[in-house]
Amino acid sequence: MRVLFVGHGPAHVPWIVPLAWACRLAGHEVRVAVRPQCVPSVTRAGLVAVPVGDEAAAGAAAGRRLGLGPGRLKAAAESVAVLDADLSEALVEKMIAVADTLTDDLVDFARFWRPDIVVHDTAAAAGLVAAAAVGVPAVGHTWGVSLGVHCENEAELRPSYARLFERFGADPVVGPSVWIDPCPPGLRPPHGVRRADMRYVPFAGPAALPPWLRADRPADRPLVCVTGGVTTTALDEVRDHVVRSLLALDTEVVLALTPEQAAATGHLPDGVRMVADFPLDVLLAHCDALVHHGGVGSGLIAVAHGLPQLLLPRNAFQEHWSHLVRASGAGTALPADAGASAVGTAVQDLLARPSYRERSKKLRAQTARMPAPDRLVGFLEECVRAGGTEIPTPEETAGR
């Protein structure tokens, strides 16, 4: 079986790596089509990258400013908040605009390589076009949030979406979609698309374990990780006062930074360590709590280790995830510009109150019960045999 994965931006590539490797280990051929800027992320994972599109054009489309600042949520239910309708609409149109810069190259490659199935990041609408152009099933793969390009019925067919397909003589993909989703149900807001659960397996590249992570730490000094994620500078402006607030609690602190952030970081006070370009999954196995910007990847890695988390969101996406984490009871959130005293109090509460860790461990157990990526390979194989995606997911099969 030939499986063509289609990625979106750099922060999205790690989400598709586990399933891509599961397909490869099952003996299938795998290619990962991405924008040129994402090629190093794919090859670093040991996978074959296919650069598609002009980076300048794709970057211009992706760089549209949409007013993603905080305050763009609306209450949908007691425990759910969603992006406001105008912002959601603008985001989908932005995804379609990016896809429009990639489809020529991607369809050319699909017609040359002839995949049996296309697995596309739900933000990468170009994957739907490539699948339609060669007449194979398309399966979405979320990036931890319930957002992406899809068309469930004719009433939802938007002109910009239809135009993506027209120049290739293909009919738009319309009808019930299926998305592979690594987000545990306890953190997943309601959505109309059918889901195929897949256990979250974090991926962030290789690392060498430093000596201080191979030794016992003082049991009376919690280790708290602070990060703004691997693709953002979200906490750069407030990181210093966050660190000061944590040191006042007599905790140890480790900063997880990008290489660029690390190079710009000066002297670190006693009790603070720094790692650069280091897998957060490996680091959090040794930590007691996480303070972060509200990124979905960072948050789910904390869940994978049963850690409580404090979120300091700076935009609507991060605010959305923060709301879901708070509603689950696995963490709490403050405005990104919260003072050092508020941050210290919140982290002290995270470490002292058992309910945060208990709720996070429940989410971890929920994640562990989800099918591993190799189970989803069988689902993809069944989709190829059936010529479509309306077949039982692993959970549906188990429930029969």
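Me: Before we look at single residues, what does buried mean here?

Reply: Buried means under 20% relative accessible area, while over 50% is exposed and the range in between is partly exposed. The model we are reading is a predicted one.

Me: How do you know that Cys 23 is buried?

Reply: Cys 23 has a relative accessible area of 0%, and buried requires under 20%, so Cys 23 is buried.

Me: What makes Cys 23 fall outside any disulfide?

Reply: A disulfide needs two cysteine sulfur atoms within 2.5 Å. The closest cysteine sulfur to that of Cys 23 belongs to Cys 383 and is 11 Å away, which is too far for a bond. Cys 287 is in no disulfide either, since the nearest cysteine sulfur, that of Cys 225, is 5.0 Å away, although Cys 287 is also buried, at 7% relative accessibility. By this rule the count of disulfides is zero.

Me: Why is the pair of Phe 109 and Trp 113 called stacked?

Reply: The ring centres of Phe 109 and Trp 113 are 5.7 Å apart and their planes stand at 20°; the rule asks for centres within 6.5 Å and counts planes under 30 degrees apart as stacked, so this pair is stacked. Phe 109 and Trp 113 are four residues apart in helix α5 (residues 103-113), and are therefore separated by about one helical turn. Phe 109 is buried at 15% relative accessible area, and Trp 113 is buried at 5%. Ring pairs also bring in Phe 112, giving a cluster of Phe 109, Phe 112 and Trp 113.

Me: What makes the pair of Trp 15 and Tyr 200 tilted?

Reply: For Trp 15 and Tyr 200, the centres are 5.2 Å apart and the angle between the planes is 35°. Planes under 30 degrees apart would be stacked and those over 60 edge-to-face, so an angle that meets neither condition is tilted. This pair links distant parts of the chain, with Trp 15 in helix α1 (residues 13-25) and Tyr 200 in the loop between β9 (194-197) and β10 (223-227), 185 residues apart. Both residues, Trp 15 and Tyr 200, are buried.

Me: How do you know that Arg 158 and Glu 89 form a salt bridge?

Reply: The N to O distance between the side chains of Arg 158 and Glu 89 is 2.9 Å, and a salt bridge requires a side-chain nitrogen of Lys or Arg within 4 Å of a carboxyl oxygen of Asp or Glu, so the pair qualifies. Arg 158 lies in the loop between β7 (138-141) and α7 (159-166), whereas Glu 89 is in helix α4, 69 residues apart.

Me: Why are Arg 158 and Glu 89 called partly exposed?

Reply: Arg 158 has a relative accessible area of 22% and Glu 89 has 39%; because partly exposed covers what is neither under 20% nor over 50%, both values fall into that class.

Me: What joins Asp 181 and Arg 188, and are they buried or exposed?

Reply: The side chains of Asp 181 and Arg 188 meet in a salt bridge, at 3.0 Å from N to O, and both residues are buried. Salt bridges that share partners join Asp 181 and Arg 188 with Arg 195 and Asp 197 into one network.

Conventions. Residues are numbered from 1 along each chain as its sequence is written. This is a predicted model: local features need pLDDT of at least 70, side-chain atom pairs count only at pLDDT 80 or more; totals for chains, interfaces and linings use all residues. Side-chain values use heavy atoms; hydrogens and water are left out. Buried means under 20% relative accessible area, exposed over 50%, partly exposed in between (1.4 Å probe, protein chains only). Rings of Phe, Tyr and Trp (its six-membered ring) pair if their centres lie within 6.5 Å; planes under 30 degrees apart count as stacked, over 60 as edge-to-face and the rest as tilted. Helices (H or I, at least four residues) and strands (E, at least two) are DSSP runs, numbered from the N terminus.
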